[in-house]
Amino acid sequence: QLGRYAASAQGGGQLTHTNHALRHDWNERFVELAGERGWDPAEADKDQKYAMGWSSGPKMPERYAKRAIRKRANGRISAMQRKALGDA
């Protein structure tokens with residue numbers, strides 16, 4: 001599992017800032033891929049929790065998906081603005 005691998009790569013000690021950035025990057029790419037491929041959101045959520053070593057209860061996927069959601073929403077907002085201005 002990615003979270004455990006990242007910790008062991010640092011000698012089994014505390015997670016570093018680099019590990020935290022890696023988790024965010026991996027989860028952002030996972031969410032984007034799930035959206036692109038049309039994966040069932042509930043199944044993708046379970047897969048993401050498993051891959052990251054999270055228990056089934058916490059809402060960690062939502063926390064780590066915020067960046068991907070913000071990026072997607074901003075892209076849609078920009079497209080709406082371009083269309084409204086006739087630049088689409």
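## Helix H2 against helix H3

A crossing of two helices is called right-handed if the near helix is turned clockwise from the far one by less than a right angle. In this predicted model, H2 passes H3 in such a right-handed crossing. The two helices pack at an angle of about 155°, and their axes lie 11 Å apart. Angles over 145 degrees count as roughly antiparallel, and H2 and H3 are therefore roughly antiparallel to each other.

On the H2 side, the contact is made by Arg23, Trp26, Asn27, Phe30, Val31 and Ala34. Their partners in H3 are Ala44, Asp47, Gln48, Ala51 and Met52. By class, the residues of this contact comprise seven nonpolar, two polar and two charged.

## Helix H2 against helix H4

H2 also packs against H4, with axes that come within 8 Å and cross at roughly 50°. That angle makes H2 oblique to H4. Here too the crossing is described as right-handed, with H2 passing H4.

The H2 residues that meet H4 are His20, Arg23, His24, Asn27, Glu28, Val31 and Glu32. From H4, the residues taking part are Tyr64, Ala65, Arg67, Ala68, Lys71 and Arg72. This contact of H2 with H4 has six charged residues, together with four nonpolar and three polar ones.

Arg23, Asn27 and Val31 appear in the contact of H2 with H3 and also in the contact of H2 with H4.

## The largest pocket

Rolling a probe the size of a water molecule over the atoms shows where empty space is left. In this model, the largest pocket has a volume of about 310 Å³. Its lining is formed by 14 residues, and those nearest the centre of the pocket are Val31, Ala34, Pro41, Ala44 and Gln48. Two or more lining residues are given by each of helix H2 (17-37), helix H3 (41-52) and helix H4 (60-84). H4 supplies the largest share of the lining, five residues. The lining as a whole divides into nine nonpolar, two polar and three charged residues.

Several residues named near the pocket centre also take part in the helix contacts. Val31 and Ala34 in H2 belong to the contact with H3, as do Ala44 and Gln48 on the H3 side. Val31 is, in addition, one of the H2 residues that meet H4.

Conventions: Residues are numbered from 1 along each chain as its sequence is written. This is a predicted model: local features need pLDDT of at least 70, side-chain atom pairs count only at pLDDT 80 or more; totals for chains, interfaces and linings use all residues. Side-chain values use heavy atoms; hydrogens and water are left out. On a 1 Å grid over the protein atoms alone, a cavity is a set of points where a 1.4 Å probe fits but cannot get out, and a pocket is an open set with protein on both sides within 12 Å along at least five of seven lines; lining residues have an atom within 4 Å of a point. Grid points are joined across faces, edges and corners, and a volume is the space filled by probe spheres set on the points. Helices (H or I, at least four residues) and strands (E, at least two) are DSSP runs, numbered from the N terminus. Ala, Val, Leu, Ile, Met, Phe, Trp, Tyr, Cys and Pro count as nonpolar, Asp, Glu, Lys and Arg as charged, and the others, Gly among them, as polar. Axes are lines fitted to C-alpha atoms, for helices over the stretch in contact, and angles run from 0 to 180 degrees between N-to-C directions. Angles under 35 degrees count as roughly parallel, over 145 as roughly antiparallel, 65 to 115 as roughly perpendicular and the rest as oblique. Contact means heavy atoms within 4.5 Å.
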